[in-house]
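Student: I have a model open on my screen and would like to learn how to read it. Could you walk me through it?

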Amino acid sequence: MSAPEKNYKDTILLPETGFPMRGDLTKNEPVRLKKWEDTGLYERILSRRMAQGAPRFLLHDGPPSPTGTCTWVRP
């Protein structure tokens, strides 16, 4: 008789988490964006930054600069 084959999956200690192991981005992102719209998250962030007098930054997304870096512009 041969020894029973060992199941190595039982020897790995994986954490128990409350969130799913799949991202399902195509399914979850529209739900997340809708929630943000419904709660006015973006508007609240903007009003808080304005109240704090935070500087305004714009990221110009386009072709890379000759050095290959992003360009941040402060109006």
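Student: What share of the residues in the protein chain is buried?

Tutor: Keep in mind that this is a predicted model. A residue counts as buried when its relative accessible area is under 20%. Here, buried residues make up 1% of the 75 residues in the protein chain. The chain exposes about 8000 Å², and carbon and sulfur atoms supply 60% of that area.

Student: Which elements does the chain have, and in what order do they run?

Tutor: Read from the N terminus and you meet α-α-β-β. That is 2 helices and 2 strands.

Student: Why does the span of helix H2 agree with its number of residues?

Tutor: A helix rises 1.5 Å a residue, so the 12 residues of H2, 41-52, should span 16 Å. The C-alpha atoms at its ends lie 17 Å apart, which agrees. Just after H2 comes Gly-53, with a positive phi of about 75 degrees.

Student: How do residues along a helix come to point the same way?

Tutor: An α-helix has 3.6 residues a turn, so residues three or four places apart point the same way.

Student: Now the largest pocket: which residues line it?

Tutor: Tyr-42, Leu-46, Arg-49 and Met-50 are among them, as are Ala-54, Pro-55, Arg-56, Phe-57 and Leu-58. H2 gives the largest share of the lining, 4 residues. About 240 Å³ of space lies in this pocket.

Student: How does that lining divide into nonpolar, polar and charged residues?

Tutor: Sort the lining residues by class and you get 7 nonpolar, 2 charged and no polar.

Methods
Residues numbered from 1 in each chain as written. Predicted model: local features only at pLDDT ≥ 70, side-chain atom pairs only at ≥ 80, totals over all residues. Heavy atoms only, no water. Expected span 1.5 Å × (residues − 1). Buried < 20%, exposed > 50% of the residue type's maximum accessible area, 1.4 Å probe, protein only. Areas by Shrake-Rupley, 256 points an atom, 1.4 Å probe, with all protein chains shown as cover. 1 Å grid on protein atoms, 1.4 Å probe; cavity = no way out; pocket = protein on both sides within 12 Å on 5 of 7 lines; lining within 4 Å. Points joined across faces, edges and corners; volume = space filled by probe spheres on them. Nonpolar A, V, L, I, M, F, W, Y, C, P; charged D, E, K, R; others polar.
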